[in-house]
Amino acid sequence: MDRILVGGDIPVTLRRSARARRMTLRVARAGGEVVLTLPSRASLRDGQAFAESRAEWLRQTRAGMTLLQAVAPGAALPVEGLPRLIVPTDARRVELAGDRLMVPQNRPAGVVVEAWLKHLAQARLIAACDRHAAALGRRFRALALRDTRSRWGSCTHDGRLMFSWRLAMAPPEVLDYVAAHEVAHLAHMDHSPAFWAATARLMPDHARHRAWLRSHGHELLAWRFRN
């Protein structure tokens with residue numbers, strides 16, 4: 001992907017989209033990455049001018065964003081909604097001990113913690129989806145994990161579920177809500193009143209957990225596991 005520099009100090013990633021009808025600027029809440037989307041026929045010169053005209057807005061917006069944080073010894077990483085201090089030890093694998101996350105000291109902390117979180121997310125999500133699918137009287141075909149930035153989960157027409165493994169960092173009830181939300185799509189592939197009624201049957205207090213994701217989801221995305 002191409003990049004340009006705006007205002008002399010703001011890196012901007014360029015993306016072209018055949019579906020875009022106009023130029024748009026988006027600033028990621030986690031880390032402040034700026035993406036300029038251009039319609040297929042828009043020139044790079046016009047895109048640069050468009051971004052430059054909004055340089056001050058970009059600078060102010062980025063100043064209020066959550067900074068990226070590396071997963072490293074001494075950091076307090078959220079696991080199931082609670083901060084856990086990353087501590088290097090002689091252990092051969094990652095272990096959770098109260099408010100401490102013990103990691104092998106001879107291996108990169110981010111890499112091993114990421115693998116551990118994926119395993120935790122897989123176990124929690126399979127259990128939650130099995131429970132919700134049984135309550136709904138539906139079945140899903142497969143469950144996969146990704147590190148998505150635009151959505152926490154998805155459901156295909158043929159019953160395949162996808163989730164962000166970063167949900168293992170969220171409170172358990174938030175992970176459970178996302179599982180219920182996607183399982184409800186097995187019955188309703190839209191966000192109609194019928195869909196939300198199905199979600200409410202699976203999780204009556206779903207609105208509270210949905211609000212948590214809107215308010216805090218970017219904090220989960222701000223953690224960097226690899227250089």
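## Around C155: a cysteine, a sheet and its salt bridges

C155 is buried, with 12% relative accessible area. That makes it a handy place to begin a walk through this structure, which is a predicted model.

Let's start with sulfur. The cysteine sulfur closest to that of C155 belongs to C129, and because the gap is 9.4 Å, it is too far for a bond. C129 is buried as well, at a relative accessible area of 0%. How many disulfides does a search of the whole structure find? The count is zero.

Now for the strand that ends at C155. Strand β11 covers residues 153–155 and is an edge strand of an open sheet, as is β10 (142–146); each of them pairs on one side only. The sheet has three strands in the order β10-β12-β11, with mixed pairing. From one strand to the next, the twist averages 15°. β11 and β12 (residues 160–164) run antiparallel and are joined by three bridges. Which residue of β12 is the bridge partner of C155? That partner is L161.

Two helices lie across these strands. Helix α3, residues 109–136, lies across β10 and β12, and runs at about 145° to β10. Helix α4 lies across β11 and β12, and its direction is about 155° to that of β12.

C155 also leads us to a histidine. Leaving aside residues up to four places away in sequence, H185 touches C155, D190, H191 and F195. H185 sits in the loop that connects α4 (172–184) with α5 (193–202). Is H185 buried or exposed? Its relative accessible area is 7%, so H185 is buried, the cut-off being under 20%. The H185 side chain also makes a polar contact with the side chain of H191, at 3.4 Å.

On to the charged pairs. Side chains of opposite charge can pair when their charged atoms come close. In this model the count comes to 10 salt bridges, and the table shows three of these pairs, including one within helix α2.

| Salt bridge | Closest N to O distance |
|---|---|
| R59 and E56 | 3.3 Å |
| E114 and R226 | 3.0 Å |
| R131 and D176 | 2.7 Å |

R59 and E56 are three residues apart in helix α2 (residues 55–63), so about one helical turn separates them. R59 is partly exposed at a relative accessible area of 30%, and E56 is partly exposed at 46%.

The salt bridge between E114 and R226 has its closest N and O atoms 3.0 Å apart. Because E114 belongs to helix α3 and R226 to the segment after β13 (223–224), this pair ties together parts that are 112 residues apart in sequence. E114 counts as buried at 9% relative accessibility, whereas R226 is partly exposed, with a relative accessible area of 47%.

The salt bridge between R131 and D176 has a closest N and O separation of 2.7 Å. This pair also links distant parts of the chain, with R131 in helix α3 and D176 in helix α4, 45 residues apart. R131 counts as partly exposed at 46% relative accessibility, while D176 counts as buried at 13%. Which residues are joined into one network by salt bridges that share partners? They are E114, K118 and R226.

How values were computed. Residues numbered from 1 in each chain as written. Predicted model: local features only at pLDDT ≥ 70, side-chain atom pairs only at ≥ 80, totals over all residues. Heavy atoms only, no water. Helix = DSSP H or I, 4+ residues; strand = E, 2+ residues; numbered from the N terminus. Buried < 20%, exposed > 50% of the residue type's maximum accessible area, 1.4 Å probe, protein only. Polar contact = N/O pair within 3.5 Å; in protein donor to acceptor, adjacent residues only side chain to side chain. Contact = heavy atoms within 4.5 Å. Pairing = 2+ DSSP bridges. Axes fitted to C-alpha atoms, helices over the stretch in contact; angles between N-to-C directions. Disulfide = S-S within 2.5 Å. Salt bridge = Lys/Arg side-chain N within 4 Å of Asp/Glu carboxyl O.
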